Number of protein chains: 2
Amino acid sequence: MQARQNAARRDAPPVDPAGAGREAALAHYDELARLGKALSSPIRLRLLDLLRQGPRSVEVLAERAGVTVANASQHLQQLRGGRLVEADKRGQQVVYRLAGSAVSSFFAELRALAEALLPEMDRLKHGLLVAEPEARAALLARVRAGAVTLLDVRPAEEFEAGHLRGALSVPLAELPARLPELPKGREVVAYCRGPFCHLALEAVRLLEGAGYRAQHLDLGPPDLGADDLVTGAAAPPARSPARAAPRRKR
Amino acid sequence: MQARQNAARRDAPPVDPAGAGREAALAHYDELARLGKALSSPIRLRLLDLLRQGPRSVEVLAERAGVTVANASQHLQQLRGGRLVEADKRGQQVVYRLAGSAVSSFFAELRALAEALLPEMDRLKHGLLVAEPEARAALLARVRAGAVTLLDVRPAEEFEAGHLRGALSVPLAELPARLPELPKGREVVAYCRGPFCHLALEAVRLLEGAGYRAQHLDLGPPDLGADDLVTGAAAPPARSPARAAPRRKR
DNA sequence: TGCATATTCAATGGATAACTTGATTTCAAG
DNA sequence: CTTGAAATCAAGTTATCCATTGAATATGCA
């Protein structure tokens, strides 16, 4: 189909002096477009972002993304066609994962570009926005210094696949019941998957309602992978399944 | 239309504990997808890559990309909708340009990701491939040292919008006639727009046929912008149209 | 004012993509 | 061998996209 497009295009106005390597060169843009196509659906982007937290089965991904299993399966296959994700069968379920840490950092760069180009991105970031780099850096410094109670409000499996050093795993649903665990006078910082994830925001709302001084860190472990802050299984999201990689287990 | 999709998606299986910030969060992926969509067509990617060489009118872009003017215009408008390019009228023609240097470097990263993920990219790179980083670095070192005759075989306007320091502008079509200008014993290095551009390859073929020792540098000025090697108007492709920017006219 | 150029607009037909539904494969467990 | 779960496949409908065509809208120039 792409070949047909190329042929059609080549007939148009070939003003180029040398028509030799043209279709070969154009083929490269077709390849690039394969990646672009993979990134052209909100659902696929959401699946990709979820996979940045670690490998997951189709069913879990579908649930988290809010789509049917069949639909998620189809999207995942498209992502696999674009070589952005890989999959292998574990028992009776298929576990998808990113094709490499480069995919995760590329996603972060796409996000950064979007925030730079599309002004509406930050604005409708649910009202709350720590977006200012200085405020975020200050927050991170406090986190790094251990001056705050750090809360990971993602599902437990995602915590286990990699989390910030010193964080406490308290999935959002459990937070109300586990409030007594948190020292009362201390500032609480909650994080989740990243800027597009609302879990930490709701945790902060909940904490403030309960009288805590709470802050929202709008980055997730995948975004802080280059930092010295991530620990657990997958700072850069799991690349090689079995090969070596004897990371110190927290 | 995206709002409608969201509504439909929200009805599906809302297993999420808190359904509060969901549609707001999903809106972010819609925004990301706008960028992805812009990158999902080979023609748009080609136009973007051409714009990395400098601002151009619709007509020129259409000709270089090998599409009709109307078609190019529509694609350019989609790019503008995705905020990747900007345009303003100069006389009776509309000059498009990248929305910022971030777009150019993002393109380079997309290309790098494609080369990392899609093995077929390098293979069919017209046979010739200097792709090995060491070889390329050595070549660049010789170029930087002025040990070679450096040839810019792009159209003259693109040379004027920015080129490698010390390069000679010899558009491919003029090369046969201007061979006498080139010292005979010296190694010649030809470059053009970047890895997907065939001009330099054909120049090398031509030069070798004429008895020269010739090499192909598979990077263009936009890719070497961070380097100290680019001179002329636009190392990072022109950002602000009228504001300041008193370009020295070559 | 009138003509030519550059670009965009609007409409068409053909191809692609998205989501749903129901059937099918594959594997583990009994 | 049967049952059930997980994932994919296949078919069908709807929506969207894409390239082409011809008209319309500027803008500069005579």
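Me: How do the atoms of DNA strand D within 4 Å of the protein split between sugar or phosphate and bases?
Reply: In this predicted model, 79% of the atoms of DNA strand D within 4 Å of the protein belong to sugar or phosphate, and the rest belong to bases.

Me: Which residues come nearest to strand D?
Reply: There are 25 residues around DNA strand D, and those that come nearest are S73(A), Q77(A), Y96(A), K37(B) and H75(B). By class, the residues of this surface divide into 8 nonpolar, 13 polar and 4 charged.

Me: And which helices or strands supply at least two residues of that surface?
Reply: In chain A these are α4 (58–65), α5 (69–81) and β3 (93–98), while in chain B they are α3 (42–51) and α5 (69–81).

Me: What lies 3.3 Å from a phosphate oxygen there?
Reply: That is a backbone N or O atom of V58(A), and on the chain B side an N or O atom in the side chain of N71(B) is 3.4 Å from a phosphate oxygen of DNA strand D.

Me: OK, and what about a base nitrogen, which residue lies 3.4 Å from one?
Reply: Q92(A) does, through a polar side-chain atom.

Me: Switching topic, how do α3(B) and α6(B) cross?
Reply: Their axes come within 10 Å and cross at roughly 125 degrees, with α6 covering residues 101–117 of chain B. The two helices are therefore oblique to each other, and α3(B) passes α6(B) in a left-handed crossing.

Me: Which residues make that contact?
Reply: α3(B) contributes L45(B), L48(B) and D49(B), whereas α6(B) contributes V103(B), F107(B) and L110(B); by class, the contact has 5 nonpolar, no polar and 1 charged residues.

Definitions and conventions
Residues numbered from 1 in each chain as written. Chains lettered and ligands numbered in written order. Predicted model: local features only at pLDDT ≥ 70, side-chain atom pairs only at ≥ 80, totals over all residues. Heavy atoms only, no water. Near = heavy atom within 4 Å. Polar contact = N/O pair within 3.5 Å; in protein donor to acceptor, adjacent residues only side chain to side chain. Helix = DSSP H or I, 4+ residues; strand = E, 2+ residues; numbered from the N terminus. Nonpolar A, V, L, I, M, F, W, Y, C, P; charged D, E, K, R; others polar. Axes fitted to C-alpha atoms, helices over the stretch in contact; angles between N-to-C directions. Parallel < 35°, antiparallel > 145°, perpendicular 65-115°, else oblique. Left-handed = near helix turned anticlockwise from the far one by under 90°. Contact = heavy atoms within 4.5 Å.
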